[in-house]
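Me: I've got a model open and I'd like to go through how some of its labels were earned. Can you take them one at a time?

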Amino acid sequence: MNGLPANPSLDHLTTEAINPRSESIDTLSSVELVRLINEEDASIAAAVGKESEAIAKAIDWITGAIRSGGRLIYIGAGTSGRLGVLDASECPPTFNTPPDMVIGLIAGGDSALRRAAEGIEDLPDRGVDDLKAVNLHEQDVVVGIASSGRTPYVVGGLNYARSIGARAIGLACNEQSPLAAAADLMITPVVGPELISGSTRMKAGTATKMVLNMLSTGTMVRLGKTYGNLMVDLRASNEKLVARTRRLLMRLTDLTPDAADELLVRCDGELKTAVVCQRCSLQPEHARRLLREAGGQLRLALESATGSKP
């Protein structure tokens, strides 16, 4: 026994219920199957939309935590864990965040990303151990992801997070779950029975990915990682991103391609520094100082420079 409060029977979970629309799915043609899946998927956005207030509150919590030196930590098992790791992994190249600002933990460790680690998800202490391994502290926010809302590994992790004063957010696709009792805030997009009974990698997985996109993107926007809808804090780590950096600099400064390349070299490839340099006629070190004083937010740095110019 794992020592957790009594869990509801899996048979009573919405995500484990039989979907009457797909009882004959094995008799459909391929195009009929695709259309049925697409029709079911069309309902997911509405389910996520009903959770807008909770998602927005989570973004505010995460933003505040990161500004105070904390981190965003996803923890999950199976598909939920993989989606958390994926979202965390995309933040450094997209928003130029340090690798430890957004962390994804999956039951069974990184090897479980490719091969399921059966049984680990039933051990609440493993969730605790994994959070201790990343030195969880009270400034962090932990998002526990479990479509069922009952995964012991995740429930154990959230209980531990709360015990040390870290904020605990639950993300599940079933209401009134054990995860809710372990969380300070719940996000519960109820997507209904899956077309393949119990296959939560389908609608529940899609809803989870949509929520995680909102959490990480919303947080990064709040942190000033964008200027308007432009990703100005990206890391030019490959050919595509180098080209995007040049293109954004040209858009924001009207420089020619050659002049943009020259300025980026002088600014060590830092797009925001280059924009401040060009638009405010400053040297790179002065631009960097303004950006630091503005908390890294380009808009605030530009406003500051404009106001301070003689």
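**Labels and the values behind them**

Reply: Sure, and keep in mind that this is a predicted model. Let's begin with Cys-91, which is buried, its relative accessible area being 2%.

Me: What makes Cys-91 buried?

Reply: The cut-off for buried is under 20% relative accessible area. Cys-91 has 2%, so it counts as buried.

Me: How do you know that Cys-267 is in no disulfide?

Reply: Look at the nearest cysteine sulfur, which belongs to Cys-277 and is 3.9 Å away. A disulfide needs the two sulfur atoms within 2.5 Å, so Cys-267 doesn't qualify. By that rule the count for the model is zero disulfides.

Me: And is Cys-267 buried or exposed?

Reply: Buried: its relative accessibility is 0%, and the label needs under 20%.

Me: Why is Asn-135 called exposed?

Reply: Exposed means over 50% relative accessible area, and Asn-135 has 58%, so the label fits. Asn-135 sits in the loop between helix 5 (124–133) and strand 3 (141–145).

Me: What stands out about the phi of Asn-135?

Reply: Its sign. Phi is positive, about 55 degrees, although Asn-135 is not a glycine. Most residues other than glycine have a negative phi.

Me: What about Asp-268: buried or exposed?

Reply: Exposed, because its relative accessible area of 60% is over the 50% cut-off. Asp-268 lies in the loop between helix 10 (257–266) and helix 11 (271–280). Its phi is positive too, near 55 degrees.

Me: Back to helix 5. Which of its residues are buried?

Reply: Pro-124, Gly-127, Val-128 and Leu-131 are.

Me: Why say that they line one face of the helix?

Reply: Seen down the axis of helix 5, the buried residues fall within an arc of 100 degrees, so they line one face. In general, an α-helix has 3.6 residues a turn, so residues three or four places apart point the same way. On the face turned away from the buried side of helix 5 are the exposed residues Asp-125 and Ala-133.

Me: What covers the buried residues of helix 5?

Reply: The cover includes strand 1 (72–76), strand 2 (102–106), strand 3 and helix 6 (152–163).

Me: Last one: what lines the largest pocket?

Reply: The lining has 26 residues, and Ala-77, Gly-78, Glu-121, Thr-151 and Thr-200 lie nearest the centre. Helix 4 (residues 78–95) gives the most, with four residues. By type, the lining splits into ten nonpolar, ten polar and six charged residues. The volume of this pocket is about 500 Å³.

Definitions and conventions
Residues are numbered from 1 along each chain as its sequence is written. This is a predicted model: local features need pLDDT of at least 70, side-chain atom pairs count only at pLDDT 80 or more; totals for chains, interfaces and linings use all residues. Side-chain values use heavy atoms; hydrogens and water are left out. Buried means under 20% relative accessible area, exposed over 50%, partly exposed in between (1.4 Å probe, protein chains only). Helices (H or I, at least four residues) and strands (E, at least two) are DSSP runs, numbered from the N terminus. On a 1 Å grid over the protein atoms alone, a cavity is a set of points where a 1.4 Å probe fits but cannot get out, and a pocket is an open set with protein on both sides within 12 Å along at least five of seven lines; lining residues have an atom within 4 Å of a point. Grid points are joined across faces, edges and corners, and a volume is the space filled by probe spheres set on the points. Ala, Val, Leu, Ile, Met, Phe, Trp, Tyr, Cys and Pro count as nonpolar, Asp, Glu, Lys and Arg as charged, and the others, Gly among them, as polar. The arc is that of the directions from the helix axis to the C-beta atoms. Contact means heavy atoms within 4.5 Å.
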